[in-house]
Amino acid sequence: MNIGKGLTRREAIQGLLGAAVTAATPISAYTEQTKKGMRTSWPDGASELVGREQAFNDSWRFHRGDVEEASSGEFDDSGWRTLNVPHDWSIEDVVKDAESMPGAIWATETKPVRTGPFDLYASEGQTATGWTVGGIGWYRKIFDKPLIPAGGKAELRFEGVYMNSDVWINGTHLGNHPYGYTEFAYDLTKYLKDGKNCIAVRINNAGRNSRWYSGSGIFRKVWLSIAGEVSIPSHGVFITTREASSDAALVMVEMTVENRAPEPRKVSARVRFVDDQNIASGESEQRVTIPAGSTAVATCPVRLEHPRLWSPESPHLYRVEVIVEEGSKVVDAATMHAGVRTIQIGAVQGLRINGESVKLRGGCVHIDNGPLGSVCIPRAEERRLEILKANGYNAIRTSHNPPSRSFLDACDRLGMLVIDEAFDCWEEAKNPEDYHLYFREWWQRDLESMILRDRNHPSVVLWSIGNEVKERAEPRGVEIGKQLAALIHKLDPTRKVTAGICEPYDHPKQTWDDMQPAFTYLDVAGYNYRLDKYQSDHAKYPDRVMVGTESYPGAAFQNWDFIENASWVIGDFVWTAADYIGESGLGSTSIRKGFGRSGGLQPYPWFNSYCGDIDLIGNKKPQSYFRDIVWRRSTVEMAVQRPIPPGWSEHPAEWGWSDELRSWTWPGFEGTPLHVRVYTRAQHVKLLLNGKEVGSQDLSESNALKAEFTVPYGPGDLKAVIYEGSSETGSITFTTTGNAHKLILTPDRRKLNTGGDDVGYVMLNVVDEAGRQVPDAVVPVTFSVDGAAEIIAAGNANPKVVASFRQPHRDTFHGACLLVVRPRKEPGKIMIRAESAGLLPATAELEAASG
């Protein structure tokens, strides 16, 4: 664990605890020292103070477009929409106003140029943002003046607003916040008036400012916090594990306490850890004097006997309760969750969590939740991570910005490791209106916001300060990188710093050797697409720890095969783990005569990257099944390439994959030779069609886990059998399906929570009479919902069919589409029905319940 240059672990602990802890003090004595004078009871009133942070998400008024005087408290917004945040206006249907368009509503070839959230003309981001529209929007909210204790304050905190937000209260400008992905807050206290008050927010997401879909609006939660004269500021508690084993752990809790009074205050800072059985596992207390109008830090060592350690396989969390007492009165309290775990990283030992070796089976992800856009609903964030964890991932890189609180909370619960990334650019632009305009003035505030918010998450194992920034190896870039790393080490000395460093594609006259200055400010060297440099760079820099911060899907085996046997490379992060809106067609595959790859982003109507293991609605794509073989999660998988015309060939992009399906249903192609791939680590493969052998192969390393066959198509059973020596070790069979016969609905859960943080995902599949999914079925589906929920999205995984995500109908793609419902505030039954002409309908019953 990195706890400071030149300091041993014991010296660092002594510095935190002060002179009372000497070099001769055993760790077992920490508990005895902190118990002296400590009370054993925990005050009942503490829980009431924890609730001082109030959700501020309901009943906002919204207008898409700019409006003069909307910042005024007296402005009449009665004609605006009423909605709850989080909210993303860019995923909503564009307004059908033909007069505002420079051309006809319909383009040639019957491709709509304006449909759903997509607009061929008005989208400034174009391929980068998936042809969605940003612009300017306004939010306003009327609220009653809260009750504030004497000497206290009221603070309004935004988790994320994209982007360039200005906030007013009662017509007074509170400030501007450019970056869309970091938290920020305003002190409302002196501006509040008795009775009704008004918050107004103007958001300017105009211009080309992002390389991917960002969404627009107050897309994360908002909180109103009330604090007393003496209080714990937001993110004022820092929890670190100093020692941990199955026998005992030493955890340090640093608690910042703020005093707004004109005289010093003497308080006691107390902390306790409570396990998942609601049993107190350890406590500590420290008395501290806080100067007038200032802050003080209380450091509380907590010893845990036989702790339950946090790891990706066993993500145990403790509830950490902290209180501040003045005399016998509790003046502030807070509750959070923390995991007890240690991290060590080195070129020889690799990455170790709690002393155990871990390789990062990683994927990069962007922020959107598919058909929901960038709206941050806790259950949506959780589901995305559940799917990735179920498909073998143990690590995520938050490309290329800080994620939501809810995302990291879910990572903690599920055991998903995280590279937490700050920026996509520094002072040099990637887009004309991107963050480079604000970096020099804002980087310190934004980086501090990220680190202070996220440093208590056990899931976060590395901080990333950038991705392929243009000045990464230039003198100015090295200076910036050192400043960023230094601030992180100051705020969190327990974690290392990385960044994604790529070849000099943006500096044509330079070579990889010219990129080496970029690694001087990094603790862990992030390599984007440089598998070819792992061995040679290790020979030059044997102490360098590397991580593959980005890699191509097609190189999954080659990357993992090397990383498994190289201690100095701690993992690999594919681009990407899941499909996302924007970077349209990055993973496209084309067919044509001749040679070459499908190149670059694709034109309208492509809107989806289509380069992920998981598609836009949460289903596995063929490359994910191959990765199951690479990661040894499966022994055999199979896929069939879509038929192509004679004389033509398939050309996947660098981020693409063959257009193949797990299907032996190809009506109309009887007798046509089809390309079949069997993925396995076995020594030998046999392929059988309707029981008759049609091919066999011995496999070696040169096959890269792949046996390929050409088989004339005929309906029936296609079966691959694998062998080790003469022993059969596994098989897989595809059976030709019948015609589409009925629909089926599969909810992810039957019971939903009415608290506002939940959504229900209902997958629709088209099946034949035998109940088998028809793999390439495209049918129009209409949904209806009655009862205690509403439809908030419907979508499919097709990357180039533009349509509304808000209407209750959608075509299937590969035999599937998705409905997303949100429970209303009142409990009750939810009845869902799906219909398609000529097919048997489907129904599903859910329940919305409180608590």
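**Exercise 1. Is Ala154 buried or exposed, and what surrounds it?**

Start with the cover: in this predicted model, Ala154 has a relative accessible area of 0%. The cut-off for buried is under 20%, so Ala154 counts as buried.

Next, place the residue. Ala154 sits in strand E7, which covers residues 153-158.

Then list its contacts, skipping neighbours within four places in sequence. Ala154 touches Pro146 and Ile148, then Tyr186, Asp187, Leu188, Thr189 and Leu192, and finally Leu224, Ser225 and Ile226.

Last, try a distance check against Gln349. The two residues, Ala154 and Gln349, are 195 residues apart in sequence, and their C-alpha atoms are 48 Å apart in space.

**Exercise 2. Find which residues of helix H6 are buried, and what they pack against**.

Helix H6 runs over residues 439-454. Walk along the helix and pick out the buried positions: Phe439, Trp442, Trp443, Asp446, Leu447, Ser449, Met450, Ile451, Arg453 and Asp454.

Now look at what those side of the helix meet. The buried residues of H6 pack against two helices, H5 (405-414) and H7 (475-491). They also pack against strands E9 (172-177), E26 (417-421) and E27 (460-467).

**Exercise 3. Work out the strand order of the open sheet that contains E36, and name its edges**.

A reminder before you trace it: strands of a sheet pair through backbone hydrogen bonds, either parallel or antiparallel.

Here the order is E35-E33-E36-E39, a sheet of 4 strands with antiparallel pairing. To find the edges, look for strands that pair on one side only: these are E35 (660-661) and E39 (706-712).

Zoom in on one pairing. Strand E36 (residues 673-680) and E39 run antiparallel and are joined by 7 bridges. To fix the register, take Leu674: its bridge partner in E39 is Val711.

**Exercise 4. Describe the whole chain: how many helices and strands, and how compact?**

Count first: the chain has 10 helices and 50 strands. Its radius of gyration is 28 Å, while the globule rule gives 29 Å for 851 residues; the two values are close, so the chain is as compact as a globular protein of that length. Along the principal axes, the C-alpha trace spans about 90 × 65 × 60 Å.

Now for the interior and the surface. Of the 851 residues, 59% count as buried. Among contacts with a separation of 6 or more, 71% come from residues 24 or more positions apart. The exposed area is about 33,300 Å², with 49% of it supplied by carbon and sulfur atoms.

Finish with charge. There are 94 positive and 109 negative side chains, and the centres of the two sets lie 2 Å apart.

Key: Residues are numbered from 1 along each chain as its sequence is written. This is a predicted model: local features need pLDDT of at least 70, side-chain atom pairs count only at pLDDT 80 or more; totals for chains, interfaces and linings use all residues. Side-chain values use heavy atoms; hydrogens and water are left out. The radius of gyration is taken over C-alpha atoms; the globule rule is 2.2 Å times the number of residues to the power 0.38. Buried means under 20% relative accessible area, exposed over 50%, partly exposed in between (1.4 Å probe, protein chains only). Contact means heavy atoms within 4.5 Å. Accessible areas come from the Shrake-Rupley method with a 1.4 Å probe; for residues, only the protein chains shown count as cover. Lys and Arg count as positive and Asp and Glu as negative; His and the chain ends are not counted. The place of a charge is taken as NZ of Lys, CZ of Arg, CG of Asp or CD of Glu. Two strands pair if DSSP finds at least two bridges between them.
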